[in-house]
Each structure stands twice: as C-alpha cells, then as structure tokens.
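Student: Could we go through this model together, one question at a time? I would like the reasoning with each answer.

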Amino acid sequence: MNQRNPSLDSLPAEARQNLFINRELSWLKFSERVLGEAARDDVPLCERLAFLSIFQTNLDEFFKVRIGALVDRLQLGGEPDEKTGLSVAEQLAAARSEVQRLSAFRAEVWGHLRETLQREAATEIVPANQWSAQDKAAARTIFREQMADTLSVVLLGKHRPPPFLRDRETYLAVLARRRGDVASKTRLGFISCALPAVPRLLVLPGKSRFALSEEILRLCAANAFPDCTLRETTLFRLARNADIDPDREYDGERDYREFMADLMRRRAEETVEQPSQGRPRRD
C-alpha cells in the first residue's frame, strides 16, 4: 500500500511543483528525448526515421493511456496529484501545452528529414503546399483512377448518426452544404483515409517524387461530395482511450454515452470496493 508522506501536505503547491515532475509531463519529457535523437545530424538517416516513428508511437500511447485516464478522472471528480498538487484539469492543460510544443518540434524534425532524404537518398516526399500545377493534375488522375471507387464517405444528418471512428486511423473531415439549397445547414462529413488497395505513398511526376495518399484525398475532397459545396477540410488522426476495445466491448446498437457512464461507474466501484487491488502506480 502506498504511504502518503505527511510532510508533503505542508508544502505549498508551487514548492511541490518545483520539487517533483508530474508523471504525465515526465512521459512527454522522455518522448522529447527520443525526438531529439531524430533531430541529430550525427545519427544515421534510417535510425533517425526510426526514432521519429518511436516518438509517434509513444505519443499515441500517451493519449490512449495517460490522457484517457486523466479524462476519466476528470469525469469522476478525481483528486489532485498528491506530489505536485496539480488538479486533473491543470494536468490536462499542461499536457496539452507540451504536446503542442512537441508537435511543432516534430514538424521541424520531419521537414529536415525530408530534405535529408532528398539529398542522400534521392527520394522526395512532397507536401501538398509545394505541389506544382503538374503535380496537382497527376494527383487528380490518381484520385480518379485509384481512389474514387474505394472511398467510404459519410455525411452526417438527421437520419445518419456519426460513424464509429477506429483507433489510430487517419480521417478527412469536411464541412459541407448542399449545393443550390441556401436554406440547407452546414453538415459534417468524414472519409476514412485507410484505403486497403491504395499505398500510402503515391508517385508524382519526376524522379523518385511521392505524395501522401491522404493529401491527395484532401485535394480531391469535393469530388467525393459532388452534391455539396465544401467550406473547410482537415485531416485528423484518432487515438482512443485504452479502456475501450471496440472489437470486444463496443455495441453498435448501444448508446455511447450510456456505455461511457457504465464504464466510469465500474471503475469508481472498483476503486471503492477493492482499494488494495487498484492499478499499480507508475511514478
């Protein structure tokens, strides 16, 4: 059983935060060190790419395990971190700030790695904002010939509930309005970017030049919603709470809010009834 140190209670919150690092922020500090290895010019290129991949995997796990648990605790009115004194809401805010900073660093590292790939391996992964008119024409041809017939398109409405979005998959989200109907409401639409018959990297004109399939899909999103005018599009990737296994626990006929309420009730009952069998601390 964990023994609480009574001397900590007498310390003000600011002093405790200076003495200890919150465990969620500590996880992010470790991930930052991994990302730092990907940024080093003295590390071989393939190893740097591997470190970048490890960083993203760690970040996925961070959201699934740590952020998922914090969100559950927030819903249950969880107590502050006993070492740092940070409330659950403060921990979530601090983690959000750190993730935003690390995401900017990751984008910088990836940009540098793309330049290194082009220089050392004569391979170029071209971001959409750098496509030429010829690249865009080739991307539209790829969409028409390889992607259009394989899409799973959902436009939400009164009789179309939100789809189940799978863990760690990338989706294209759109805000769309029926063309020619000024009274129609803006609706939210989704397209899964996981296309089994389409590779993630697709060839652009030129020698060893490639584009990501999801960026081609975003360029051609209007073709997937031919009856609509698109106001906005964005790509996002989902990380589900690790407590939810959709293949085992999710029931498509069940109200999701009810499912979450039952899950949190079970966890609260386990905490009250079996205090000695709770989850091990990972400080």
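Student: Which residue in strand 7 does Val-174 stand opposite?
Tutor: This is a predicted model, and the answer comes from strand pairing. Strand 3 covers residues 170-178, and strand 7 covers residues 228-237. The two run antiparallel. Opposite Val-174 in strand 7 stands Thr-233.

Student: What is the bridge partner of Leu-172 in strand 7?
Tutor: Stay on the pairing of strand 3 with strand 7, which is antiparallel. Val-174 faces Thr-233 there. For Leu-172, the partner in strand 7 is Leu-235.

Student: How many bridges join strand 3 to strand 7?
Tutor: Two residue pairs of this ladder have come up: Val-174 with Thr-233, and Leu-172 with Leu-235. For the antiparallel pairing of strand 3 with strand 7, the number of bridges is 9.

Student: Strand 3 also pairs with strand 4. Which residue in strand 4 stands opposite Leu-175?
Tutor: Strand 4 spans residues 187-192. Its pairing with strand 3 is antiparallel, over 6 bridges. Opposite Leu-175 stands Leu-188.

Student: Which strands stand at the edges of the sheet of 4 strands?
Tutor: The sheet is open, and its pairing is antiparallel. Its order reads 2-4-3-7. An edge strand has a single partner, so one side is left without a neighbour in the sheet. That applies to strand 2 and strand 7.

Student: By how many degrees are neighbouring strands of this sheet turned against each other on average?
Tutor: The sheet in question has the order 2-4-3-7. Direction is ignored in this angle. The average turn between neighbouring strands is 20 degrees.

Student: What is the strand order in the open sheet of 3 strands?
Tutor: The pairing in this sheet is mixed. Strand 1 (124-125) and strand 5 (201-203) stand at the edges, each with a single partner strand, so each has one side without a neighbour in the sheet. The order is 1-6-5.

Student: Do strand 1 and strand 6 pair in the parallel or the antiparallel sense?
Tutor: Strand 6 covers residues 209-212. Ile-125 has Phe-210 in strand 6 as its bridge partner. There are 2 bridges between strand 1 and strand 6, and their sense is parallel.

Student: Now the helices. Are helix 3 and helix 4 roughly parallel or roughly antiparallel?
Tutor: Helix 3 covers residues 23-38 and helix 4 residues 45-75. Their axes come within 8 Å and cross at roughly 170 degrees. Angles over 145 degrees count as roughly antiparallel. The two helices are therefore roughly antiparallel.

Student: How do the residues of the contact of helix 3 with helix 4 divide into nonpolar, polar and charged?
Tutor: On helix 3, the contact residues include Trp-27, Leu-28, Phe-30 and Glu-37. On helix 4, they include Phe-51, Leu-52, Phe-55 and Arg-66. The division is 13 nonpolar, 2 polar and 6 charged.

Student: Where does Ala-122 lie, given its positive phi of about 50 degrees?
Tutor: Most residues other than glycine have a negative phi. Ala-122 has a positive phi although it is not a glycine. At 45% relative accessibility, Ala-122 counts as partly exposed. Its place is the loop between helix 5 (88-121) and strand 1.

Student: Is Arg-168 buried or partly exposed?
Tutor: Arg-168 sits in the loop between strand 2 and strand 3. Its phi is also positive, near 60 degrees. Buried would require a relative accessible area under 20%. Arg-168 has 29%, so it counts as partly exposed.

Student: Is Pro-162 buried or exposed?
Tutor: Pro-162 lies in the loop between strand 2 (153-155) and strand 3. Its C-alpha is separated by 9.0 Å from that of Gly-189, 27 residues apart along the chain. The cut-off for exposed is over 50%. At 62% relative accessible area, Pro-162 is exposed.

Student: How many disulfides does the model have?
Tutor: The test is a pair of cysteine sulfur atoms within 2.5 Å. Cys-193 is buried at 11% relative accessible area, and Cys-220 is buried at 1%. By the distance rule, the count of disulfides is 0.

Key
Residues are numbered from 1 along each chain as its sequence is written. This is a predicted model: local features need pLDDT of at least 70, side-chain atom pairs count only at pLDDT 80 or more; totals for chains, interfaces and linings use all residues. Side-chain values use heavy atoms; hydrogens and water are left out. Two strands pair if DSSP finds at least two bridges between them. Buried means under 20% relative accessible area, exposed over 50%, partly exposed in between (1.4 Å probe, protein chains only). Axes are lines fitted to C-alpha atoms, for helices over the stretch in contact, and angles run from 0 to 180 degrees between N-to-C directions. Angles under 35 degrees count as roughly parallel, over 145 as roughly antiparallel, 65 to 115 as roughly perpendicular and the rest as oblique. Contact means heavy atoms within 4.5 Å. Ala, Val, Leu, Ile, Met, Phe, Trp, Tyr, Cys and Pro count as nonpolar, Asp, Glu, Lys and Arg as charged, and the others, Gly among them, as polar.
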